[in-house]
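Got the viewer open? Let's take a walk through this one, one selection at a time.

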Amino acid sequence: MSHIAVERNRRRQMNEHLKVLRSLTPCFYIKRGDQASIIAGVIEFIKELHLVLQSLEAKKRRKSLSPSPGPSPRPILQLSPTPESPFSPNNNNLFKELGACCNSPVADVEAKISGSNVILRTISKRIPGQVVKIINVLEKLSFEILHLNISSMQDTVLYSFVIKIGLECQLSLEELAVEVQKSFSSDVLCISEI
């Protein structure tokens, strides 16, 4: 009899905790109402928040070391996931990534190859209509948007795109990052570092 009461109490507590997790997570992260979907959605949300936090910390370090007057693209080559990355071995996403960044005081833009797709991430202050500008740039450059995820915290927003490369596209990742960076301000000019 006491075993049944203990089990009932455990299920009640589990359901209460799941309700709290669901209420703290934006609805578009949770596809269905079952426990596995709620937990998977919370994990994705935490990963996105972790990316936002890392980006904000990196931006803060860059500004404190040497504020730059304009954006500058820099190629990156990551042969294995970093331990603090949400793409660490514990997350079963072991793949090689090739990418490029174009950062400015207005926004940070990162493009990475993932299989036959490109993962494009931008982080910036919330700018009305900015996501539409980015979508227009991607479509003009013959990219097909497969997925868009928008995460925001206070006045900062992270746009994560998964895009398919069109056959007519002749851009490098660095050029893509620069083109998307230009969409944040028509006055901003990206200059390539040597």
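A word on terms before we click anything: two residues are in contact when heavy atoms of theirs lie within 4.5 Å. Also keep in mind that this is a predicted model.

**Stop 1: the whole chain.** Start with a cartoon view. You should find four helices and six strands, and walking from the N terminus the order is α-α-β-β-β-β-α-β-β-α. Of the 194 residues, 38% count as buried. Switch on a surface if you like: about 12300 Å² is exposed, with carbon and sulfur atoms supplying 60% of that. As for contacts between residues at least 6 apart in sequence, 58% of them join residues at least 24 apart.

**Stop 2: Thr 122.** Select Thr 122, which sits in strand S4, residues 117-125. Is Thr 122 buried or exposed? Its relative accessible area is 1%, and the cut-off for buried is under 20%, so Thr 122 is buried. Now show what surrounds it. Leaving out residues up to four places away in sequence, Thr 122 touches Asp 108, Val 109, Ile 134, Val 157, Leu 158, Tyr 159, Val 180 and Phe 184.

**Stop 3: the largest nonpolar core.** Next, pick Leu 120, Ile 134, Leu 138, Phe 161, Ile 163, Leu 176 and Val 180; of the 23 residues in this core, these touch the most other members. Colour by element and you'll see who contributes two or more residues: strands S2 (97-103), S3 (107-114), S4 and S6 (156-165), plus helices H3 (130-140) and H4 (173-182). Which element gives the largest share of this core? That's H4, with five residues.

**Stop 4: Phe 161.** Zoom in on Phe 161 and list its contacts, again skipping residues up to four places away in sequence. You'll get Val 118, Ile 119, Leu 120, Val 131, Ile 134, Ile 135, Leu 138, Ile 145, His 147 and Leu 148.

**Stop 5: strand S6 and its partners.** Select S6 next. Seven of its ten residues are buried, so S6 is largely enclosed by the rest of the structure. S4 runs antiparallel to S6, joined to it by nine bridges. Strand S5 (residues 143-153) also pairs with S6 in the antiparallel sense, over ten bridges. Click Ile 163 in S6: Val 118 stands opposite it, and Ile 145 stands opposite Ile 163 too.

**Last stop: the turn.** Follow S5 into S6 and you reach a hairpin with two residues between the strands. Check the backbone at Gln 154, where phi is positive, near 55°.

How values were computed. Residues are numbered from 1 along each chain as its sequence is written. This is a predicted model: local features need pLDDT of at least 70, side-chain atom pairs count only at pLDDT 80 or more; totals for chains, interfaces and linings use all residues. Side-chain values use heavy atoms; hydrogens and water are left out. Buried means under 20% relative accessible area, exposed over 50%, partly exposed in between (1.4 Å probe, protein chains only). Accessible areas come from the Shrake-Rupley method with a 1.4 Å probe; for residues, only the protein chains shown count as cover. A nonpolar core is a set of buried Ala, Val, Leu, Ile, Met, Phe, Trp, Tyr and Cys residues joined through side-chain atoms within 4.5 Å. Two strands pair if DSSP finds at least two bridges between them.
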